[in-house]
Every structure is written in C-alpha cells, then in structure tokens.
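User: Please take a close look at one part of this model for me. Begin with a single residue, then work outwards through the elements around the fold, and say plainly what the coordinates show.

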Amino acid sequence: MYAKRSSYCSQPRAEDTVMASEGITVGLLHPGSMGAAFGAQLRRQNVRVLWCTDGRSSRSRARAENAGLEGVQSLGQLVARADVLLSLCPPAAAVDVAQQVAACELDGQLYIEANAITPRRVKDVAELLPGAVVIDGAVVGSPPTGGKQPTLYLSGNPDGCTRAMALFSESDVKTKVLGAEVGAASALKLSYSSYQKASRVLAALAYGVADASGVAGELLEIAGKRGGSYLTEIDYIPKTASRAWRWGPELDDAAALLREAGLPNDLMRAASRVLSRWSGARERELTIDEALSHLRVDHESGERDEP
C-alpha cells in the first residue's frame, strides 16, 4: 500500500533531499506544543503528517488541526502508514510510547526518539524497536513558531541521521549530527537543560524570598548589572510553573545522567522536587504572586500553602 517506503530507506543524494521529503509520511507521537510545531514545519514542506486521535485531549486535537495534521484512529494505523515515526512527548512517557509502538508491526521505519531522556533510556527504546531504525534526537530551543529556529541534534545510524536531516532541510528546524553513537544527542540536551531549567528554579526561589523580605526591587537592580541573569526575568516565573510538569521528569533524567557520570545529583533532585510543587499549575496562566504561592510552605504544618 505504501511502496514509497523502500525507496525512502535508501540514502538520498544531497540535491534530492527536499524533493524526497515531499513523498514521505511522518507519524507524530504526539501533538503537544513542540510536536505540533514540528508537524506544522513538516506540512510546510508538503510532508504528510499523521497523528493518533485515540485517547487524546481536545487541546491536542485543536493543536493538530491548527497544524494541518491528519488524524488516524489507532496507533496501529499510524505505524502502518508512516515512513518515519517522530516521538516528541513528555520525557516520562518516552519509553511507554516506544512500548506501544513495539506492539505494532514495524517494517523498517525510521524512529526519531527526540525526547529529553538519558542515553540509557534511548538505548532501551532502540532495544524495544528492533524492527525500526532508531536514532537519537534532542531539541534545543523553543518550538519553531513565530520565526524561532530550534536545533534538532541527531546521533546514531548515519543513514538514519541523513534521512532525518532531509525532512527538515527547508524548515525553521535546524539539524546537526553529533556522530554515530546513540545517546550523544540526549547527553547534550540533558547537559544543557540541567543548567537552564535548574537556573530558572533557582531564580524563582531567589526572587520569591527577596519579595517576601521586601527587597525584590533591590535584587533586580543588582541582577540587572550582570548581563543575561535569569533573576531579571521574573515574568518567566509563571511560565516555569506552567511547564513544571514536563521539566521535573527531565531534571530527574538529568540527575540520573549525573549519577552515571559519578557526579553529585542533589541539586537536580532538589530542583525537581521544587518543580513538583507546581504540579497543579500545568499550562495555566498565573501571575507571579500566584506562581510563588504554590511554592510557599506553612511553617507549622510543613504543608504547602494553597493559592
């Protein structure tokens, strides 16, 4: 039914990459904010993008519709029709998603594992999917909307990496191959996000204690004298709160990677625990005060204050 798959599995010539992408079908797992934006970029290049509607929320449906994605009823249908499977889901669900795909009949598809997980978990995904060509992917940057241009780092099977690069050759998603070692892209992502995300948590805590002490303005004045300080970006505190449900599991994986490297992971674990206090703020639009109220602890009971 989809005979084009065999032709796609051969390595494309550089001059053929844009044309080759137009005949490809991508199965997107799943249309979250990042996944839907990647899907929209593929649609701009006339790539057919499928997503599975089964069990998905109305919010996911709206994102998929806005991105021009084509819904199918079951994961089995998606896998059967796709040449490429692109996994962009919450990090904690990455292996579960791969297990669900493994229950379907694979036929040499390219599987781009693009979630922020440890190299060990990427290898676990590869072991779950012997019928696919699994490559390691990691997105650094914001979703590719409004002119933003994130980078998709790739590592693993050279032919698979070349095919993945071809998909995004004319999009706002930039690609860079780090080598043939599965796990290199994920290691880079967690190395970066361990700093970026933990720094946002520390900035929120520093501003919160300064605000409670009546010296928030002075703190921002000091921080403003040093270029690029997260402490001056207090409007990001509510954004951090709304994304904590995704960031926490990512920092848990960063902590696991630190442990594997023989380095202390206490800070990452602590930052993840702080993020868990924002579990009720998922994708909500909060004020700074509302976001900070989720973090406050009642001194007598030891329980978190409710906003």
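Analyst: Asn 46 has a relative accessibility of 48%, so this residue counts as partly exposed, the class between the 20% limit for buried and the 50% limit for exposed. The model is a predicted one. Asn 46 sits in the loop that links H3 to strand S2 (48–52). Its phi is near 65 degrees, a positive value although the residue is not glycine. Most residues other than glycine have a negative phi, and most peptide bonds are trans. The second half of that rule also has an exception here: the peptide bond between Leu 29 and His 30 is cis, with omega at about 10 degrees. His 30 belongs to the loop between S1 and helix H3 (33–44).

The strands named so far belong to an open sheet of 8 strands in the order S3-S2-S1-S4-S5-S6-S7-S8, with mixed pairing. Its edges are strand S3 (70–72) and S8, each of which pairs on one side only. On average, neighbouring strands of the sheet are turned by 30 degrees against each other, direction ignored. Strands of a sheet pair through backbone hydrogen bonds, either parallel or antiparallel.

Which strand of this sheet deserves the closest look? Strand S7, residues 151–155, is mostly covered, with 5 of its 5 residues buried. Thr 151, Tyr 153 and Ser 155 point one way from S7, Leu 152 and Leu 154 point the other way, and all are buried. The strand therefore has buried side chains pointing both ways, each with under 20% relative accessible area.

S7 pairs with S6 and with S8. With strand S6 (residues 133–140) the pairing is antiparallel and uses 5 bridges; within it, Asp 136 has Ser 155 of S7 as its bridge partner. With strand S8 (residues 174–177) the pairing is parallel and uses 4 bridges; here Tyr 153 is partnered by Lys 176 of S8. Ser 155 and Tyr 153 thus each have a bridge partner, Asp 136 for the former and Lys 176 for the latter. The connection between S7 and S8 runs through helix H8 (residues 158–167), and together S7, H8 and S8 form a right-handed β-α-β unit.

Elsewhere in the sheet, strand S4 (residues 84–87) and strand S5 (residues 110–113) also pair in the parallel sense, over 4 bridges. Ser 87 has Glu 113 of S5 as its bridge partner. Helix H6 lies across strand S1 (25–29), S4 and S5, and runs at about 165 degrees to S5.

H6 also packs against a helix. Helix H6 (residues 94–102) and helix H7 (residues 119–128) meet at an angle of about 5 degrees, with their axes 9 Å apart. H6 and H7 are therefore roughly parallel to each other. Ala 94, Val 95, Ala 98, Gln 99 and Ala 102 of H6 make the contact, together with Arg 121, Val 125 and Leu 128 of H7. The residues of this contact of H6 with H7 divide into 6 nonpolar, 1 polar and 1 charged.

A second helix pair is set at another angle. Helix H9 (residues 184–212) packs on helix H10 (residues 216–224) at about 140 degrees, with the axes 7 Å apart. That makes H9 oblique to H10. In this pair Ala 206, Tyr 207, Ala 210 and Asp 211 of H9 meet Ala 216, Leu 219 and Leu 220 of H10. By class, the contact of H9 with H10 has 6 nonpolar, no polar and 1 charged residues.

The last residue to note is Leu 275, located in helix H12 (residues 266–276). At 1% relative accessibility, Leu 275 counts as buried. Beyond its neighbours within four places in sequence, Leu 275 is in contact with Val 201, Thr 240, Ala 244, Trp 247, Gly 248 and Leu 251. Val 201 lies 74 residues away along the chain, yet the C-alpha atoms of Leu 275 and Val 201 are separated by 7.4 Å.

For the chain as a whole, the secondary structure comes to 13 helices and 8 strands. Of its 307 residues, 48% are buried. Among contacts with a separation of 6 or more, 64% join residues 24 or more positions apart.

How values were computed. Residues are numbered from 1 along each chain as its sequence is written. This is a predicted model: local features need pLDDT of at least 70, side-chain atom pairs count only at pLDDT 80 or more; totals for chains, interfaces and linings use all residues. Side-chain values use heavy atoms; hydrogens and water are left out. Buried means under 20% relative accessible area, exposed over 50%, partly exposed in between (1.4 Å probe, protein chains only). Helices (H or I, at least four residues) and strands (E, at least two) are DSSP runs, numbered from the N terminus. Two strands pair if DSSP finds at least two bridges between them. A crossover is right-handed if, with the strands pointing away from the viewer, the path from the first strand over the helix to the second runs clockwise. Axes are lines fitted to C-alpha atoms, for helices over the stretch in contact, and angles run from 0 to 180 degrees between N-to-C directions. Angles under 35 degrees count as roughly parallel, over 145 as roughly antiparallel, 65 to 115 as roughly perpendicular and the rest as oblique. Contact means heavy atoms within 4.5 Å. Ala, Val, Leu, Ile, Met, Phe, Trp, Tyr, Cys and Pro count as nonpolar, Asp, Glu, Lys and Arg as charged, and the others, Gly among them, as polar.
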